[in-house]
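Here's a set of questions and answers to work through with the structure open beside you. Try each question yourself before reading on.

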There are 2 protein chains.
Amino acid sequence: MTRPTPESSPFLAVLAGRRPSRRPIWVMRQAGRYLPEYRKVRETASFHTMCTTPELAAEVTLQPLRRFDLDAGIIFSDILTPLGPMGAEFDFSQGGPKLTAPLREERAFEALELVEPREELGFVAEAIGLVTSERPEIPLIGFGGAPLTLASYLVEGGGSKDFRHIKALIYSRPEVAVALLDKLAEQVARHLEMQVEAGCSAVQVFDSWAGILHTDDYRRFAVPGIAKIMARLAPLGVPRILFSKGGLTNLPWLLETGADALSLDWTCDLADAAERAPRTPLQGNLDPVVLHGSETEIVRRAEAVCRSGDRAAGHVFNLGHGILTETPPEALALLIDTVHRHQPED
Amino acid sequence: MTRPTPESSPFLAVLAGRRPSRRPIWVMRQAGRYLPEYRKVRETASFHTMCTTPELAAEVTLQPLRRFDLDAGIIFSDILTPLGPMGAEFDFSQGGPKLTAPLREERAFEALELVEPREELGFVAEAIGLVTSERPEIPLIGFGGAPLTLASYLVEGGGSKDFRHIKALIYSRPEVAVALLDKLAEQVARHLEMQVEAGCSAVQVFDSWAGILHTDDYRRFAVPGIAKIMARLAPLGVPRILFSKGGLTNLPWLLETGADALSLDWTCDLADAAERAPRTPLQGNLDPVVLHGSETEIVRRAEAVCRSGDRAAGHVFNLGHGILTETPPEALALLIDTVHRHQPED
């Protein structure tokens, strides 16, 4: 099977620093609950079953690619998926993910076992195989969570309002936190390697909770793990995207991770980011809630993001965060069309 | 009664651009639940009763001033207090504040009535009188919510995860949003005027949800209301502090508001802020969770904030957000002592 290349794919062209034939767009959580066909699958299976059953994961990954003219797919999975086989199985049945007992002590972190993804997470590789054989022309993105975000879930035992437990760990026993973050980085690196070998043409690391720390702490605690992941992926030759929340505050450190492209949240202006990262392709960053606004505003705001993106070394259009469950699919269709039509001014 | 002056108060000295006799410190939510004496009052009265009963509000305002060597007090109240008399009474009895029916339509916004604080919110002025007559030497801060934050509460009907309703309003009917924000600015300005006339030596505007919008939208929708408030307060001659979440992303626009000092959240470095706002005294910005860390880390991190603050035109030490309910009071005592001892390097 031939994989998509920068010649055939606008998405890969931008990430390779080339001029694309059109501005590429995909959106975070595009395989998701806003689609009626996704909800239909979800009625028959739990979120966990969908993640771990290759046919179901492949089906919902393919759904948005059938419905929309998207420039990339992203495998349906969850950033917490690799943590189950390590010994921390999250329960998704009560709304947000929950651990029966949050991990707080050093020995609990030490008990987390590094696993071989081919043995324990083979269902992800299988799902990737199913998707890429059905749509070999569309680049498929593999993904993983950034170590800080994963550590937060483990230590808080789920989502959190103030992240007091993971922060108290960092502020009291920094060396214990560093060891945990490093172990998670190792597992995520292995998981991403497997996804690329299974057929993914790009990877994205999600640091959804990058905005919880002081910028010096972000550099000290979050960046080394991300850099380790990026370095491990480098020999595989696929573009590595880093999504990070927290506006531009951590931008200098994000550049230090070695990521090939940065995906930014909706609070910052891509033109400002481009000024400070002139050689890095940028991805983003329309506020997902704009898709709940009027058609006029969707078009106006999408074009504004395109104009800011034109200042970057390359621009992959995306939302600044995952698409919301209640978004009308028609709004996404309008967005995709607007982005593809928009011409750079130069 | 003589009010504190920049000569007598390190807090007012910094805000006046002068060298203080010591580095001033106060902390957001210092009159709060982390104090056993506060919890004792709270056992006898609801949060709403405490806000609206001058003796109780004064008592809890005074509690931290008795226990700690703080450089300023802040009147116990809530940013939502002025909204009740306008016609939007929040219920605090179920955890977070809740409106029976969120305000979503233009006529609901138009029905909000501008009120005379002296008539409808006199209990706040009375509480201020009680505090300043007991502790006339300590500057007391009056406060209000920024229009965007207040509008978010009204339109979401309480707290929110994604702020989709206030944003959908802004993205669909911007002119309706602007009218609402302007009305709220007018009410907050009146409320702050009353607080100054009642004895407050400084005011702070809280824009807790400043980080929800793209920076261009923040400038367009949030800044005009804040600027209006600042302009209305200018003739009274008291320093006006603006607290804004969202790191440094919106810094240029915060400077446009006319605020005398900026209070920043814990994610950014005060030295970076000082570089971009060299003439503005800064307030902040230790992560509140640091007070849950080890003593060594509290001291080390407080000193780091002081060193960054030394680069600013002036530094009022504070947390980057409100002190947490579970914080041991001893940790705050250690922080205050550390800050007062720290000497600038020059």
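Q: How many residues does each chain bring to the contact between chain A and chain B?
A: Keep in mind that this is a predicted model, so we're reading computed geometry here. Looking at both sides of the contact, chain A brings 27 residues, and the count for chain B is 27 residues.

Q: Which helix of chain A gives the most to the side that touches chain B?
A: Two helices of chain A, α10 (164–172) and α12 (215–233), each supply at least two residues of that side. The top contributor puts in five residues, and that's α10(A).

Q: How do the residues on the side of chain A that touches chain B divide by class?
A: Let's sort them into the usual three groups. Nonpolar residues come to nine and charged ones to seven. That leaves the polar group, with eleven.

Q: How many residues of helix α10 of chain B are buried?
A: This helix covers residues 164–172 and is mostly covered. The buried ones include B:Ile166, B:Leu169 and B:Tyr171, and also the charged-looking names B:Arg164 and B:Lys167. Out of nine residues, the buried count is seven.

Q: Which helix of chain A do the buried residues of α10(B) pack against?
A: Within chain B, these residues pack against α9 (147–156), α11 (174–197) and α12 (215–233). They also reach across to the other chain, where the partner is α15 (295–309) of chain A.

Q: Is B:Phe163 buried or exposed?
A: B:Phe163 lies in the loop between α9 and α10 of chain B. Its phi is near 55°, a positive value in a residue other than glycine. The cut-off for being buried is 20 or more other C-beta atoms within 10 Å. B:Phe163 has 20 C-beta neighbours inside 10 Å, so it counts as buried.

Q: What is the phi of A:Arg29 near?
A: Find A:Arg29 in the loop between α1 (10–15) and α2 (36–44) of chain A. It has 18 other C-beta atoms within 10 Å, so it's partly exposed. Its phi is positive, in a residue other than glycine, and the value is near 60°.

Q: Are α2(B) and α4(B) roughly parallel or roughly antiparallel?
A: Helix α2 (residues 36–44) and helix α4 (residues 54–67) of chain B have axes 9 Å apart, at an angle of about 165°. Angles over 145 degrees count as roughly antiparallel. So α2(B) and α4(B) are roughly antiparallel.

Q: Which residues of α2(B) make the contact with α4(B)?
A: On the α4(B) side, the contact uses B:Leu56, B:Glu59, B:Val60 and B:Gln63. By class, the whole contact has four nonpolar, one polar and two charged residues. On the α2(B) side, the residues are B:Glu37, B:Tyr38 and B:Val41.

Q: Which strands are the edges of the seven-stranded sheet in chain B?
A: The sheet is open, with parallel pairing and the order β1-β2-β3-β4-β5-β6-β7. An edge strand pairs on one side only, and here those are β1 (73–74) and β7 (315–319).

Q: Which residue of β6(B) stands opposite B:Ser263?
A: Two bridges join β5 (residues 261–264) to β6 (residues 282–286) in chain B, and these strands run parallel. B:Leu262 stands opposite B:Leu282. As for B:Ser263, the residue opposite is B:Gln283.

Q: What is the omega near for the cis peptide bond from B:Gly284 to B:Asn285?
A: B:Asn285 sits in strand β6 of chain B. Five of the five residues of β6(B) are buried, so the strand is largely enclosed by the rest of the structure. The bond from B:Gly284 to B:Asn285 is cis, with omega near -10°.

Conventions. Residues are numbered from 1 along each chain as its sequence is written. Chains are lettered from A and ligands numbered from 1 in the order in which they are written. This is a predicted model: local features need pLDDT of at least 70, side-chain atom pairs count only at pLDDT 80 or more; totals for chains, interfaces and linings use all residues. Two residues are in contact if their C-beta atoms, placed from the backbone, lie within 7 Å. Helices (H or I, at least four residues) and strands (E, at least two) are DSSP runs, numbered from the N terminus. Ala, Val, Leu, Ile, Met, Phe, Trp, Tyr, Cys and Pro count as nonpolar, Asp, Glu, Lys and Arg as charged, and the others, Gly among them, as polar. Two strands pair if DSSP finds at least two bridges between them. A residue is buried if 20 or more other C-beta atoms lie within 10 Å of its own, exposed if 12 or fewer, and partly exposed in between; C-beta atoms are placed from the backbone. Axes are lines fitted to C-alpha atoms, for helices over the stretch in contact, and angles run from 0 to 180 degrees between N-to-C directions. Angles under 35 degrees count as roughly parallel, over 145 as roughly antiparallel, 65 to 115 as roughly perpendicular and the rest as oblique.
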